[in-house]
Amino acid sequence: MSTWREWAEKEFDEIWASLEPEIRSDIERLDYRLQTVWREGKAFKVPDDVMIRKMREKFLALVREVTA
């Protein structure tokens, strides 16, 4: 591996490490929110296959929108 590539990978690792606590926190909050949607759907007797499909559709649409 070239010296530049090694440096670049080290820089990336340092950037990631500095932001990982925030990323982890964001993922935990997202997980909590998605579990809440699931529990609410179950409470209203929404079938699992409908919840899975709708959550997948809406989540992917949101990711596309946010990353566009």
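Here is a short walk through the structure above, from its helices to its salt bridges and a patch on its surface. Keep in mind as you read that this is a predicted model.

Let's start with the two helices. Two packed helices are described by the angle between their axes and the distance between the axes. Here, the axes of helix 1 and helix 2 come within 10 Å and cross at roughly 145°. The crossing in which helix 1 passes helix 2 is right-handed. If you would like to pick out the contact in your viewer, select Leu30, Leu34, Val37, Trp38, Gly41 and Lys42 on the helix 1 side. Their partners in helix 2 are Asp48, Met51, Ile52, Met55 and Phe59.

Two residues from that contact bring us to the charged side chains. Lysine 42 and aspartate 48 join their side chains in a salt bridge, at 2.7 Å from N to O. Lysine 42 counts as partly exposed because its relative accessibility is 40%, and aspartate 48, at 35%, is partly exposed as well.

The model has five salt bridges in total, and two others are worth a visit. In helix 1, arginine 29 pairs with aspartate 26, their closest N and O atoms lying 3.2 Å apart. These two residues are three apart in helix 1, so about one helical turn separates them. Arginine 29 has 48% relative accessibility and is therefore partly exposed; aspartate 26 is also partly exposed, with 42%.

Helix 2 offers a salt bridge between glutamate 57 and arginine 53, with 3.4 Å between the closest N and O atoms. The spacing is four residues within helix 2, which means that about one helical turn lies between glutamate 57 and arginine 53. Glutamate 57 is partly exposed at 40% relative accessibility, and arginine 53 is partly exposed with a relative accessible area of 40%.

Finally, let's turn to the nonpolar side chains. Leu30, Leu34, Phe59, Leu60 and Val63 make up a nonpolar patch on the surface, and together they have about 350 Å² of accessible area. Both helix 1, spanning 3-43, and helix 2, spanning 48-67, supply at least two residues each to this patch. Helix 2 provides the largest share, with three residues.

Leucine 30 is a nice residue to end on. It sits in helix 1 and is among the residues that meet helix 2. Why can leucine 30 be called partly exposed? Its relative accessible area is 36%, and partly exposed covers the range between the buried limit of 20% and the exposed limit of 50%.

Key: Residues are numbered from 1 along each chain as its sequence is written. This is a predicted model: local features need pLDDT of at least 70, side-chain atom pairs count only at pLDDT 80 or more; totals for chains, interfaces and linings use all residues. Side-chain values use heavy atoms; hydrogens and water are left out. Patches are made of residues with over 30% relative accessible area and no salt bridge: like charges are joined within 9 Å, nonpolar side chains (Val, Leu, Ile, Met, Phe, Trp, Tyr) within 5 Å. Accessible areas come from the Shrake-Rupley method with a 1.4 Å probe; for residues, only the protein chains shown count as cover. A salt bridge is a side-chain nitrogen of Lys or Arg within 4 Å of a carboxyl oxygen of Asp or Glu. Buried means under 20% relative accessible area, exposed over 50%, partly exposed in between (1.4 Å probe, protein chains only). Axes are lines fitted to C-alpha atoms, for helices over the stretch in contact, and angles run from 0 to 180 degrees between N-to-C directions. A crossing is left-handed if the near helix is turned anticlockwise from the far one by less than a right angle, and right-handed if clockwise. Contact means heavy atoms within 4.5 Å.
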